[in-house]
Amino acid sequence: MSVLAIGLSHRTAPVAMLERVSLTGDTLTKLLHDVQQDACVAEAMVVSTCNRVEVYAEVERFHAAVTAVSRLLSVHSGVPVDELTPHLYVHYEDRAVEHLFSVVCGLDSMVVGEQQILGQVRQALKLGQKHGTVGATLNELVQQALRVGKRAQTDTGIDRAGASLVTAGLALAGSLEGKRALVVGAGSMSSLAAATLARAGVTDIVVANRTYDRGVRLADSVGGRAVEFSAVPRELAEADLVITCTGAGRHLITPDLVHEGLFLLDLAMPRDIDPSVREVAGVTLVDLEAIRESGIGSREGDAVAAVRALVAEELTAYLNAERASRVTPTVVALRSKAAGVVESELGRLLMRLPELDGKVRDEVTQTVQRVVDKLLHEPTVRVKQLATSPGGDHYAEALRELFDLAPDRPDAVTTPEAVREVEL
């Protein structure tokens, strides 16, 4: 089994395509289940954000899995395969691991170093765990990726090197002083938007949300006020600045609701604001496409270089550990077979020499076991070391062939004593 990553992001697809492929709620869950139930897939996880839709899977056959996942992405998004395929990227085995580490560290984000992706991948993992589509392989990989992402933020300051999408978008708004702001939505991105506005000195912040109580909590946290969602048209008429991120899946703000001098920042995917509002004189609309084209937040510096080095280091460590673990069943099987031979031969010896007293028997047993342990120690340690090198699997194969081992046999790989000996 090997890890496959397949998807599309702001690097390979325009926002219009990302908008069509955007998956949430039941659609996302159905895709997750359908991918995992495919014959060539053992485990699956889906990361769906405003910047990307990616499927991570443990697969048995590369080409069959790529075909199956591409088809399922097409089915659940409604985008024909021939339209979707040109925007897809595929990473396999080592490259898939490297890609995930880079994504979680914010290196692959529209705004380099943004912190939201760490939480989004964590939520994707939890969803997979909840629905039983994530097993040992993906769980271990993603948990390690999350640790790498956290280390990147702690050790390098990458989260300060790149602005958030909110900050990047507001950088195009000019001065915020004295502006009246309307925040539509009360989710994590809207909360970040409201906090950013408050830190920038905006004192008149209005929050509109479908669940009024959540809107009240957010407004109170930034010293603003909350309104019912139905009041959005009225508040738009009074606002200078609007930030929206609701995930409603339809256009909430249309050209007839905007007015000259209004600045709108749409961070939703699919978009909350009808792109045609740009045609209204004096109105400025900034969406994810505009942020990407502006290049704000995508500049590399020392922190980014440090994270790239960290990813390379963590990738090497992860792959070495993973390759070494592959040889463990073979080593356990070898030790198990040796223990069986020792037990059999000692049994025959003691049957021929029944007069041996208990002390002598124990000494003979320990001596034989020490001889076998010493003979096996160097080869087993060496094969684990060699397993981390290119083509390392061949060494385990050689051991299996030479000693006629069956490392897939349950009793050969689950014996606690055998596993403990291999770890020593």
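Which residues does H87 touch, not counting residues up to four places away in sequence? Select H87 and look around it: G7, L8, T12, A13, P14 and M17 are in contact with this residue, once residues up to four places away in sequence are left out. Contact means heavy atoms within 4.5 Å.

Before moving on, note that this is a predicted model, in which local features need pLDDT of at least 70 and side-chain atom pairs count only at pLDDT 80 or more, while totals for chains, interfaces and linings use all residues. Residues are numbered from 1 along each chain as its sequence is written, and side-chain values use heavy atoms, with hydrogens and water left out.

**Stop 1: H87**

H87 sits in the loop between helix 4 (81-84) and strand 4 (89-92). Helices (H or I, at least four residues) and strands (E, at least two) are DSSP runs, numbered from the N terminus. Is H87 buried or exposed? H87 counts as buried because its relative accessibility is 18%. Buried means under 20% relative accessible area, exposed over 50%, and partly exposed in between, with a 1.4 Å probe and protein chains only.

**Stop 2: the sheet of four strands**

Next, select strands 1 to 4. They form an open sheet in the order 2-3-1-4, and the pairing is antiparallel. Two strands pair if DSSP finds at least two bridges between them. Strand 2 (41-48) and strand 4 are at the edges with a single partner strand each, so one side of each has no neighbour in the sheet. On average, neighbouring strands of this sheet are turned by 15 degrees against each other, direction ignored. For such angles, axes are lines fitted to C-alpha atoms, for helices over the stretch in contact, and angles run from 0 to 180 degrees between N-to-C directions.

Zoom in on strand 1 (residues 2-9), which is joined to strand 4 by four bridges in the antiparallel sense. Here L4 has Y92 of strand 4 as its bridge partner. Now add helix 3 (residues 62-77), which packs on the sheet and touches strand 1, strand 3 (52-59) and strand 4. The direction of helix 3 makes about 35 degrees with that of strand 1. Helix 5 (residues 94-104) also lies across strand 1, strand 3 and strand 4, and runs at about 140 degrees to strand 3.

**Stop 3: the sheet of six strands**

Select strands 5 to 10. This open sheet has the order 7-6-5-8-9-10, with parallel pairing. Its edge strands are strand 7 (225-228) and strand 10 (284-286), each of which pairs on one side only. The average turn between neighbouring strands of this sheet is 20 degrees, direction ignored.

Strand 5 (residues 180-184) and strand 6 (residues 204-209) run parallel and are joined by five bridges. Find V183, which stands opposite V207 in strand 6. Then show helix 11 (residues 212-221): this helix packs on the sheet, touches strand 6 and strand 7, and makes about 160 degrees with the direction of strand 7. Helix 10 (residues 188-199) lies across strand 5, strand 6 and strand 8 (241-244), at about 165 degrees to strand 5.

**Stop 4: pockets**

Switch to a surface view. On a 1 Å grid over the protein atoms alone, a pocket is an open set of points with protein on both sides within 12 Å along at least five of seven lines, a cavity is a set of points where a 1.4 Å probe fits but cannot get out, and lining residues have an atom within 4 Å of a point. Grid points are joined across faces, edges and corners, and a volume is the space filled by probe spheres set on the points.

The largest pocket holds about 870 Å³ of space. Of its 32 lining residues, T24, S48, T49, Q120 and S188 lie nearest its centre. Helix 6 gives the most to this lining, with five residues.

The second largest pocket holds about 490 Å³. Among its 18 lining residues, M1, T137, Y318, E322 and R326 are the closest to its centre. Helix 14 (302-352) is one of the elements that give two or more residues to this lining, and its seven residues are the largest share.

**Stop 5: the cavity**

The structure holds one cavity of 30 Å³ or more. The largest cavity has a volume of about 80 Å³. Residues to select in its lining include T49, R52, E114, Q120 and M189. Helix 6 (residues 116-130) provides the largest share of this lining, three residues.
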